[in-house]
Amino acid sequence: MKVLVIGCGKFGVRMSEHLTRKNHDVVIVDKDPESFHALSEEFTGRTICGIGYDREILEKANISAMDVVISCASSDSTNAVVASIAKNVFHVPTVIARMYDPIRAKMFESMGIYTVSITRLGTDNVMDYLEDNKSWRVIRKLGNDDVQVVKVRVPLALEGMTFSELTVKGKMTPVAVERQGHSMLPDKDMCCEYNDMLYLAVSRDYLMQARDMMQL
């Protein structure tokens, strides 16, 4: 994954180093250049000095290509602004914000932004969330593995495509969709919406073509 971390405090350092150990591509932004000295030699990502919500800085970090943005600056207000920009302007698939204020945290979670608070501030919480929400994941292999059930997050480019267009006879069939906290069986004329979680039954010999079709 490509991950942008805003804030190089203790949590930002811990998260960034953990992600690089897992071979993810990480960019970390902080307004204080001295903060980057806290990163150890194992951090192999890129550092950018600047204000985390500055559009020029975000574009320099190539936010539009990011799979994940984690805003963990010391200010709730900063994290709220960054999360909103990442979600609503650049359409980053997964946005995570640290929030000390539980009321604000609830509001952002209702908008599809995952929040971490001081009571659940472990990297394991974030990694578990990313594992559950990554764009493509095989969740079940049936029989001799010839058919696999895949959980896919619908990208913005496929919004409006009908589920019948994602059906390839004998190779791939949509079996369920999660949308805004509700699950349903997809009708053939129903259209995909950005950030839907789609469950596909895919023939093992069609997995690569299926990923190409989903633009992943």
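A residue is called buried when its relative accessible area is under 20%. Keep that cut-off in mind as you look through these views, which all come from a predicted model.

**View 1. Helix H1 is largely enclosed by the rest of the structure.** Of the twelve residues of H1, nine are buried, so the helix is largely enclosed by what surrounds it. Look for Phe-11, Gly-12, Val-13, Met-15, Ser-16, Glu-17, His-18, Leu-19 and Thr-20, which are the buried residues of H1. How far apart are the end C-alpha atoms of H1? They are 17 Å apart, which agrees with the 16 Å that twelve residues should span at 1.5 Å a residue. Just after H1 comes Asn-23, with a positive phi of about 70°.

**View 2. A salt bridge links Arg-21 with Glu-42.** The closest N and O atoms of this pair are 2.8 Å apart. Arg-21 belongs to helix H1 (residues 10-21), while Glu-42 sits in the loop between strand E2 (25-30) and strand E3 (46-49), so the bridge ties together parts that are 21 residues apart in sequence. Are these two residues buried or partly exposed? Arg-21 is partly exposed, with a relative accessible area of 48%, and Glu-42 is partly exposed too, at 36%. The structure holds six salt bridges, and the next view shows others.

**View 3. More salt bridges, within a helix and between loops.** Glu-59 and Arg-55 meet through their side chains, 3.1 Å from N to O. Both lie in helix H2 (residues 55-60), four residues apart, or about one turn of the helix. In an α-helix there are 3.6 residues a turn, so residues three or four places apart point the same way. Glu-59 counts as partly exposed at 45% relative accessibility, and Arg-55 is partly exposed at 48%. Now turn to Asp-205 and Lys-171, whose side chains form a salt bridge of 2.9 Å, N to O. Asp-205 is in the loop between strand E11 (197-203) and helix H6 (207-213), and Lys-171 is in the loop between strand E8 (147-153) and strand E9 (172-179), so this pair ties together parts that are 34 residues apart in sequence. Lys-171 is partly exposed, with a relative accessible area of 29%. Elsewhere, Arg-179, Glu-193 and Asp-196 are joined into one network by salt bridges that share partners.

**View 4. Five strands line up in an open, antiparallel sheet.** In which order do the strands come? The order is E7-E8-E11-E9-E10. At the edges are strand E7 (136-142) and strand E10 (182-184), each of which pairs on one side only. From one strand to the next, the twist averages 25°. E7 and E8 pair in the antiparallel sense over six bridges, and the bridge partner of Arg-140 in E8 is Val-149. Strand E8 is also the place of Arg-153, which is buried, with a relative accessible area of 9%. Arg-153 and Val-177 are 24 residues apart in sequence, and their C-alpha atoms are 9.7 Å apart in space.

**View 5. The largest nonpolar core has 24 residues.** The members that touch the most others are Leu-4, Leu-58, Ile-63, Val-69 and Val-92. Strand E1 (2-6), E2, H2, helix H3 (76-88), strand E5 (94-98) and helix H4 (102-110) each supply at least two residues. Which of these gives the largest share? That is H3, with five residues. Pick out Ile-63 and follow its contacts: leaving aside residues up to four places away in sequence, Ile-63 touches Leu-4, Leu-58, Val-69, Ala-86, Phe-90 and Val-92. Another core, of 17 residues, lies apart from this one, and its members include Val-152, Met-172, Cys-192 and Met-214.

**View 6. Strand E5 is covered on both faces.** Five of the five residues of E5 are buried. In a regular strand the side chains alternate between the two faces of the sheet. On one side of E5 you find Thr-94, Ile-96 and Arg-98, and on the other Val-95 and Ala-97. Strand E4 (residues 68-71) runs parallel to E5 and is joined to it by four bridges. Here Ile-70 stands opposite Ile-96 in E5.

Terms used: Residues are numbered from 1 along each chain as its sequence is written. This is a predicted model: local features need pLDDT of at least 70, side-chain atom pairs count only at pLDDT 80 or more; totals for chains, interfaces and linings use all residues. Side-chain values use heavy atoms; hydrogens and water are left out. A salt bridge is a side-chain nitrogen of Lys or Arg within 4 Å of a carboxyl oxygen of Asp or Glu. Buried means under 20% relative accessible area, exposed over 50%, partly exposed in between (1.4 Å probe, protein chains only). Two strands pair if DSSP finds at least two bridges between them. Axes are lines fitted to C-alpha atoms, for helices over the stretch in contact, and angles run from 0 to 180 degrees between N-to-C directions. A nonpolar core is a set of buried Ala, Val, Leu, Ile, Met, Phe, Trp, Tyr and Cys residues joined through side-chain atoms within 4.5 Å. Contact means heavy atoms within 4.5 Å. The expected span of a helix is 1.5 Å times one less than its number of residues.
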